[in-house]
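Welcome! Let's get to know this structure together, one question at a time.

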Amino acid sequence: MRRACLLCAVLLAVPAAAEGLIAVRAGRLVDVEGGQVLRDRLVVVRGERIEAILEAGAGSPPGARLVDLSAYTVAPGLIDCHTHLVDLVQSASPAAPLETSASRQAYIGARHAKATLLAGFTTVRDVGSWRVFSDAALRDAIDEGIVPG
């Protein structure tokens, strides 16, 4: 039974997140700095940044869109420092990298970036790809909002 709800996935699912004000009501909030799980918190997000964390009883800021996750645990995004987003699944064939075009590899990278984000990872360090700069192109596409990641 999966009870953890990651804030990044919620923000990805709420289209108004890019510019608006969102209040996420968390039943439980993992505080990694304090080493504890806080109950009944309100995470206020403006644009792409967390602006404040309040007690839920304080009420939602005026004009904020409320996302009710009071039945869930909200955790910060995870970090993976060793990824290969633009690579294919491991293959026993030494010719496998040559059997995929650069364009297809870009689509594969976009799929992997989205899946990684939805798994709760908000930061990754891609350790490279055999095809020059395909990882950097994916990074730029994510930064420009062309693909989710």
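Q: Is Asp-40 buried, partly exposed or exposed?

A: A quick note first: this is a predicted model. Asp-40 sits in strand S3, and its relative accessible area is 41%. Buried means under 20% and exposed means over 50%. Because 41% falls in between, Asp-40 counts as partly exposed.

Q: What is the phi of Asp-40, given that it is not a glycine?

A: Asp-40 belongs to strand S3. Although Asp-40 is not a glycine, its phi is positive, with a value of about 50°.

Q: How many bridges join strand S3 to strand S4?

A: Strand S3 covers residues 36–46 and strand S4 covers residues 49–55. The two strands run antiparallel, and Val-43 stands opposite Ile-53 in S4. The number of bridges joining S3 to S4 is 6.

Q: Which residue takes a positive phi in the hairpin of S3 and S4?

A: The hairpin has 2 residues between its strands. A positive phi near 65° is found there, and the residue that takes it is Gly-47.

Q: Which residue meets the side chain of Glu-51 in a salt bridge?

A: Searching the whole structure turns up 2 salt bridges. Glu-51 is partly exposed, because its relative accessibility is 45%, and its partner is partly exposed too, at 44%. In this salt bridge N and O lie 2.5 Å apart, and the partner of Glu-51 is Arg-46.

Q: How far apart are the closest N and O atoms in the salt bridge of Asp-140 with Arg-139?

A: Asp-140 is partly exposed at 31% relative accessibility, and Arg-139 is partly exposed at 46%. A salt bridge needs a side-chain nitrogen of Lys or Arg within 4 Å of a carboxyl oxygen of Asp or Glu. For Asp-140 and Arg-139, the closest N and O atoms are 2.9 Å apart.

Q: What is the volume of the second largest pocket?

A: Arg-139 appears again here, as one of the lining residues closest to the centre of the second largest pocket. The others named as closest are Leu-85, Val-124, Ile-142 and Gly-149. The volume of this pocket is about 350 Å³.

Q: How many nonpolar residues does the lining of the second largest pocket have?

A: In total, 18 residues line the second largest pocket. Helix H2 (102–118), strand S7 (121–126) and helix H3 (134–143) each supply at least two residues of that lining. By class, 4 lining residues are polar and 5 are charged, while the number of nonpolar ones is 9.

Q: Which residues of H3 are buried?

A: Helix H3 spans 134–143, and what covers its buried residues includes H2. Buried means under 20% relative accessible area. The buried residues of H3 are Ser-134, Ala-136, Leu-138 and Ala-141.

Q: Is Gln-105 buried or exposed?

A: Gln-105 is found in helix H2. Leaving aside neighbours within four places in sequence, Gln-105 is in contact with Val-86, Asp-87, Thr-100, Ser-129, Trp-130, Arg-131 and Ser-134. Its relative accessibility is 3%, and because buried means under 20%, Gln-105 counts as buried.

Q: Is Phe-133 buried or exposed?

A: Phe-133 lies in the loop between S7 and H3. Although Phe-133 is not a glycine, it has a positive phi of about 65°. The relative accessible area of Phe-133 is 62%, so with exposed meaning over 50%, Phe-133 is exposed.

Q: What distance separates the C-alpha atoms of Ile-146 and Ala-110?

A: Just after H3, Gly-145 takes a positive phi of about 80°. Ile-146 is found in the segment after H3, and Ile-146 is exposed, with a relative accessible area of 58%. Ile-146 and Ala-110 are 36 residues apart along the chain, and the distance between their C-alpha atoms is 9.4 Å.

Q: What pattern does the protein chain follow along the sequence?

A: To step back to the whole chain, there are 3 helices and 7 strands. Of its 149 residues, 34% count as buried. Read along the sequence, the pattern is β-α-β-β-β-β-β-α-β-α.

Technical notes: Residues numbered from 1 in each chain as written. Predicted model: local features only at pLDDT ≥ 70, side-chain atom pairs only at ≥ 80, totals over all residues. Heavy atoms only, no water. Buried < 20%, exposed > 50% of the residue type's maximum accessible area, 1.4 Å probe, protein only. 1 Å grid on protein atoms, 1.4 Å probe; cavity = no way out; pocket = protein on both sides within 12 Å on 5 of 7 lines; lining within 4 Å. Points joined across faces, edges and corners; volume = space filled by probe spheres on them. Helix = DSSP H or I, 4+ residues; strand = E, 2+ residues; numbered from the N terminus. Nonpolar A, V, L, I, M, F, W, Y, C, P; charged D, E, K, R; others polar. Contact = heavy atoms within 4.5 Å. Pairing = 2+ DSSP bridges.
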